[in-house]
Amino acid sequence: MKRTATAHWEGTGKEGKGHLSTQSSVLNQTQYSYLSRFESGVGTNPEELIAAAHSGCFTMKLSFNLSGAGFVPTSIETTATVMLENGAIPSIDLECTAVVPGTTAEKFQELALDAKANCPISKLLNTDIRLNAVLK
């Protein structure tokens with residue numbers, strides 16, 4: 001399986017602008033710029049897209065882990081916060097809350113930690129990934 005995305009940029013890094021498009025067309029010439037990345041301009045940015053990818057991947061992996069252990073989650077919600085400091089991403093915080101009937105807090109933590117370690121996006125990233133997983 002292959003997935004693609006395309007970035008188009010015009011101008012300098014600070015004054016220029018660009019847009020991103022994805023194979024699925026969910027992003028279709030979605031704008032990004034210096035302002036949307038480093039200040040508060042309209043548009044997306046690479047770090048926000050990494051956060052979306054990581055939260056989605058972790059959540060799906062946790063769902064697979066739970067169902068593989070015989071539990072059907074009612075809901076799982078994960079927020080990923082990507083830190084950008086001095087041109088690097090030193091850490092990502094995953095905040096997860098889930099409703100999973102029939103499981104224990106211990107089993108949930110075990111499966112959540114496995115999802116953190118083994119979702120494909122976690123494996124891709126070379127950064128400190130911190131997890132706070134709460135079973136409701």
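**Loop contacts, salt bridges, strand pairing and the largest pocket**

At a relative accessibility of 33%, Gly43 counts as partly exposed. In this predicted model, Gly43 is placed in the loop between helices H1 and H2. Gly43 and Tyr32 are separated by eleven residues in sequence, yet their C-alpha atoms are 4.9 Å apart in space. When neighbours within four places in sequence are set aside, Gly43 is in contact with Gln31, Ser36 and Glu48.

The two helices that flank this loop are also linked by a pair of charged side chains. Glu47 and Arg37 meet in a salt bridge with an N to O distance of 2.6 Å. Because Glu47 belongs to helix H2 (residues 46-68) and Arg37 to helix H1 (residues 34-38), this pair ties together parts that are ten residues apart in sequence. The accessibility of the partners was computed separately. Glu47 is buried, with a relative accessible area of 8%, whereas Arg37 is partly exposed, at 34%.

In total, four salt bridges were counted in the model. One of them joins Asp93 to Arg130, with the closest N and O atoms 2.5 Å apart. Asp93 lies in strand S5 (residues 91-99) and Arg130 in strand S6 (residues 128-135), so the pair ties together parts that are 37 residues apart in sequence. Asp93 has a relative accessibility of 17% and therefore counts as buried, the limit for this class being under 20%. Arg130, at 39%, counts as partly exposed.

A further salt bridge is formed by Lys107 and Glu110, whose closest N and O atoms lie 3.2 Å apart. Both residues belong to helix H3 (residues 105-118), where they are three residues apart, or about one turn of the helix. Lys107 is partly exposed, with a relative accessible area of 28%, and Glu110 also counts as partly exposed, at 45% relative accessibility. Elsewhere, Asp93, Asp128 and Arg130 are joined into one network by salt bridges that share partners.

Strand S5, which carries Asp93, pairs with strands on the basis of backbone bridges as well. Strand S4 (residues 75-82) and S5 are paired in the antiparallel sense over eight bridges. Within this pairing, Ala80 stands opposite Leu94 of S5. S5 and S6, by contrast, run parallel and are joined by eight bridges; here Thr97 stands opposite Val134 of S6. The salt bridge between Asp93 and Arg130 thus links the side chains of two strands, S5 and S6, that are also paired with each other.

The largest pocket has a volume of about 490 Å³. Of the 14 residues in its lining, Arg3, Thr4, Ala5, Thr22 and Ser24 are the closest to the centre of the pocket. Strand S1 (5-10) and strand S2 (17-22) each contribute at least two residues to this lining. By residue class, the lining of the largest pocket comprises seven nonpolar residues, six polar residues and one charged residue.

Note on methods:
Residues numbered from 1 in each chain as written. Predicted model: local features only at pLDDT ≥ 70, side-chain atom pairs only at ≥ 80, totals over all residues. Heavy atoms only, no water. 1 Å grid on protein atoms, 1.4 Å probe; cavity = no way out; pocket = protein on both sides within 12 Å on 5 of 7 lines; lining within 4 Å. Points joined across faces, edges and corners; volume = space filled by probe spheres on them. Helix = DSSP H or I, 4+ residues; strand = E, 2+ residues; numbered from the N terminus. Nonpolar A, V, L, I, M, F, W, Y, C, P; charged D, E, K, R; others polar. Salt bridge = Lys/Arg side-chain N within 4 Å of Asp/Glu carboxyl O. Buried < 20%, exposed > 50% of the residue type's maximum accessible area, 1.4 Å probe, protein only. Pairing = 2+ DSSP bridges. Contact = heavy atoms within 4.5 Å.
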